[in-house]
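Me: I have a structure open and would like to learn how to read it. Can you take me through its features, one at a time?

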Amino acid sequence: MVTINLAYTAPINPAGASPTLTPAQVWAGLQRKVRAAHEFVPLISACSVLAESSEKGGNHTVTRKVVFKSQPEKPVREECVHYAPCRVDFRQEDGSTISNVVSRDGQGELMMTYVFEWRHPGVEEGSEEGEKLREGHWKTAKMAVEGSINTIRRLVKDGEIQ
């Protein structure tokens with residue numbers, strides 16, 4: 001089995017970006033992403049909430065089903081755990097996890113990092129297929145982080161996030 005671990009980070013408010021996003025707006029965007037993943041990730045065609053619960057300490061969990069365009073016949077069930085105001089963990093049934101993290105760099109600038117642990121049970125470690133998957137996941141990681149930031153910025157511009 002191949003497990004691909006990687007992370008990608010991008011600045012939330014690079015030079016020239018407008019409007020400048022606040023931490024509260026970014027958090028609101030991540031909460032929306034849990035419920036409407038298709039607005040943020042072009043690889044997803046549908047997203048539906050199956051259940052919700054809140055735990056002691058304030059963590060909120062949303063169980064959802066997402067449909068990837070590449071495999072519409074295999075919807076993926078995820079538990080999305082909110083750790084306000086800086087992280088959402090997406091846990092899939094196969095053990096794969098994705099964390100969306102909002103942080104600050106050494107100069108205090110807002111950053112967004114996605115940390116991925118993709119599990120591929122049918123793929124051998126060191127195989128050509130595993131390397132192709134790794135390359136594809138790097139592209140997906142970059143697209144996911146930058147696409148999420150751009151979507152949040154658009155939603156703020158459109159007045160859908162205050």
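**Reading the pocket, sheet and helices**

Me: Start with the pocket. How many nonpolar, polar and charged residues are in the lining of the largest pocket?

Reply: The lining has 13 nonpolar, 8 polar and 9 charged residues. Here Ala, Val, Leu, Ile, Met, Phe, Trp, Tyr, Cys and Pro count as nonpolar, Asp, Glu, Lys and Arg as charged, and the others, Gly among them, as polar. Keep in mind that this is a predicted model: local features need pLDDT of at least 70, side-chain atom pairs need 80 or more, and totals for chains, interfaces and linings use all residues. Numbering starts from 1 along each chain as its sequence is written, and side-chain values use heavy atoms, without hydrogens and water.

Me: What counts as a pocket, and what is the volume of the largest pocket?

Reply: A pocket is an open set of points on a 1 Å grid over the protein atoms alone, where a 1.4 Å probe fits, with protein on both sides within 12 Å along at least five of seven lines; lining residues have an atom within 4 Å of a point. Points are joined across faces, edges and corners, and the volume is the space filled by probe spheres set on them. The largest pocket has about 760 Å³. It is lined by 30 residues, and Phe 68, Val 76, Gln 92, Ile 98 and Trp 118 are the closest to its centre.

Me: Which elements give two or more residues to that lining?

Reply: Elements are DSSP runs numbered from the N terminus: helices (H or I, at least four residues) and strands (E, at least two). The contributors are strands S3 (60–68), S4 (76–83), S5 (87–92), S6 (97–104) and S7 (110–120), plus helix H2 (128–157). The largest share, 5 residues, comes from S7.

Me: Now the sheet. What is the order of its strands?

Reply: Two strands pair if DSSP finds at least two bridges between them. This open sheet of 7 strands runs S1-S7-S6-S5-S4-S3-S2, with antiparallel pairing. S1 (2–11) and S2 (44–54) are at the edges with a single partner strand each, so one side of each has no neighbour in the sheet. On average, neighbouring strands are turned by 20° against each other, direction ignored.

Me: Over how many bridges do S3 and S4 pair?

Reply: S3 and S4 pair over 7 bridges, in the antiparallel sense. Val 62 is opposite Cys 80 in S4. S4 and S5 pair over 6 bridges, with Glu 79 partnered by Arg 91 in S5. Arg 91 also stands opposite Thr 97 in S6.

Me: Where should I look for unusual backbone?

Reply: Most residues other than glycine have a negative phi, and most peptide bonds are trans. The bond from Ser 18 to Pro 19 is cis, with omega near 0°. Another cis bond joins Ala 84 and Pro 85, with omega about -5°. Pro 85 lies in the loop between S4 and S5. Gly 95, in the hairpin of S5 and S6, has a positive phi near 95°.

Me: And the helices? How far apart are the end C-alpha atoms of H2?

Reply: The expected span is 1.5 Å times one less than the number of residues. The 30 residues of H2 should therefore span 44 Å, and its end C-alpha atoms are 44 Å apart, which agrees. Gly 159 follows H2, with a positive phi near 80°.

Me: Which strands does helix H1 lie across?

Reply: H1 (residues 23–35) lies across S2, S3, S4, S5, S6 and S7, at about 15° to S5. H2 packs on the sheet, touching S1 and S7, and makes about 30° with S1. Contact means heavy atoms within 4.5 Å. Axes are lines fitted to C-alpha atoms, for helices over the stretch in contact, and angles run from 0 to 180 degrees between N-to-C directions.
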